[in-house]
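This report describes selected features of strand pairing, buried residues and surface character. Please consult the sequence and the structure shown below while reading.

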Amino acid sequence: VNSFTGINDTVWIYFESSFCNNMDWTGATGFPIFYTFSNTPTQINGSIICNPAMKIWSPFEMTGSDTSFVTTNGLTIPGITFTGTGTFKLADNLTVKSVLNVENGIFQTNNHLVNCNAFIFGSNWDSTVVDLGTSTIYCTERFNGKLNNNCTFIGNNANVILNDTIGGTTLGLGGLDLILNDITFITKGGLGGGITCNNIIAYADFGAYNLLTANSIFIEGNA
């Protein structure tokens, strides 16, 4: 991508599937654009480094079997799914327009902030590890783990904040035996599946379905 010299030089992908080892946009100038014509994610077997001045119109699928890093440099990406057996680490804060999905491997936030529409993790077939460290996860729709024992979830020092910024969505948080620090619902929502946390804070209507264990609960709306 260092060969880009014009304004808005673009990589166009017309195929149903595309893949590469590493994708590194470091040093690219002229506000580059990466665009795919299908909804099929671009598969990346290694690491990705985005350029803060670029635009990306493609979701990504991380398929590697070794240790890989995701560096967005403040860029919002359309979506990202982790399907490889390797270890995937965030190198900086991550903002995803739609879904962040962890289906396989080890996913580590490295204590960085995560913003997304939905954070989904776990698989019916593969074993996953989700380590949130001390991160705060912001979701505008849901935060959900698969209701099975295939996922090792480490979130006891992490916070989840759910806020419907568009309107019309009932927020949801669920999973099997999840342990978190603080959970905050800015707008109407509920949780289920067996949740343990330090504090529950809800500023609108809130419902708990199945087991909820918390040291303190603050609800401003109806419960």
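Strands E3 and E6 (residues 48–49) run parallel and are joined by two bridges. Within this pairing, Met23 has Ile48 of E6 as its bridge partner. The model discussed here is a predicted one.

**The open sheet**

E3 and E6 belong to an open sheet of seven strands, ordered E3-E6-E9-E12-E15-E17-E19 with parallel pairing. Its edge strands are E3 (23–24) and E19 (151–154), each of which pairs on one side only.

Further along the order, E12 (residues 87–90) and E15 (residues 105–108) are parallel and connected by three bridges. Here Phe88 stands opposite Phe107 in E15. E15 also pairs in the parallel sense with E17 (residues 128–131), over four bridges. In that pairing, Gly105 faces Thr128 of E17.

The pairings described above are collected in the following table.

| Strand pair | Bridges | Opposed residues |
|---|---|---|
| E3 and E6 | two bridges | Met23 and Ile48 |
| E12 and E15 | three bridges | Phe88 and Phe107 |
| E15 and E17 | four bridges | Gly105 and Thr128 |

**Two buried residues**

Ile56 is located in strand E7 (residues 55–57). Its relative accessibility is 7%, and Ile56 therefore counts as buried, since the class requires a value under 20%. Leaving aside residues up to four places away in sequence, Ile56 is in contact with Phe34, Cys50, Leu75, Ile77 and Pro78. Between Ile56 and Asn163, the separation is 107 residues in sequence and 25 Å in space, taken from C-alpha to C-alpha.

Asp182 lies in strand E23 (residues 182–185). This acidic residue is buried yet has no salt bridge. Arg142, the nearest side chain of opposite charge, is 23 Å away from Asp182. With residues up to four places away in sequence again set aside, Asp182 touches Ala158, Asn159, Val160, Asn198 and Asn199.

**A nonpolar surface patch**

On the surface, Ile186, Tyr203 and Phe218 make up a nonpolar patch whose accessible area is about 270 Å² together. Where is Tyr203 found? Tyr203 is placed in the loop between strand E25 (195–202) and strand E26 (206–209). Tyr203 has a relative accessibility of 40% and so counts as partly exposed, a class that runs between the 20% limit for buried and the 50% limit for exposed residues.

How values were computed. Residues are numbered from 1 along each chain as its sequence is written. This is a predicted model: local features need pLDDT of at least 70, side-chain atom pairs count only at pLDDT 80 or more; totals for chains, interfaces and linings use all residues. Side-chain values use heavy atoms; hydrogens and water are left out. Patches are made of residues with over 30% relative accessible area and no salt bridge: like charges are joined within 9 Å, nonpolar side chains (Val, Leu, Ile, Met, Phe, Trp, Tyr) within 5 Å. Accessible areas come from the Shrake-Rupley method with a 1.4 Å probe; for residues, only the protein chains shown count as cover. A salt bridge is a side-chain nitrogen of Lys or Arg within 4 Å of a carboxyl oxygen of Asp or Glu. Buried means under 20% relative accessible area, exposed over 50%, partly exposed in between (1.4 Å probe, protein chains only). Two strands pair if DSSP finds at least two bridges between them. Lys and Arg count as positive and Asp and Glu as negative; His and the chain ends are not counted. Contact means heavy atoms within 4.5 Å.
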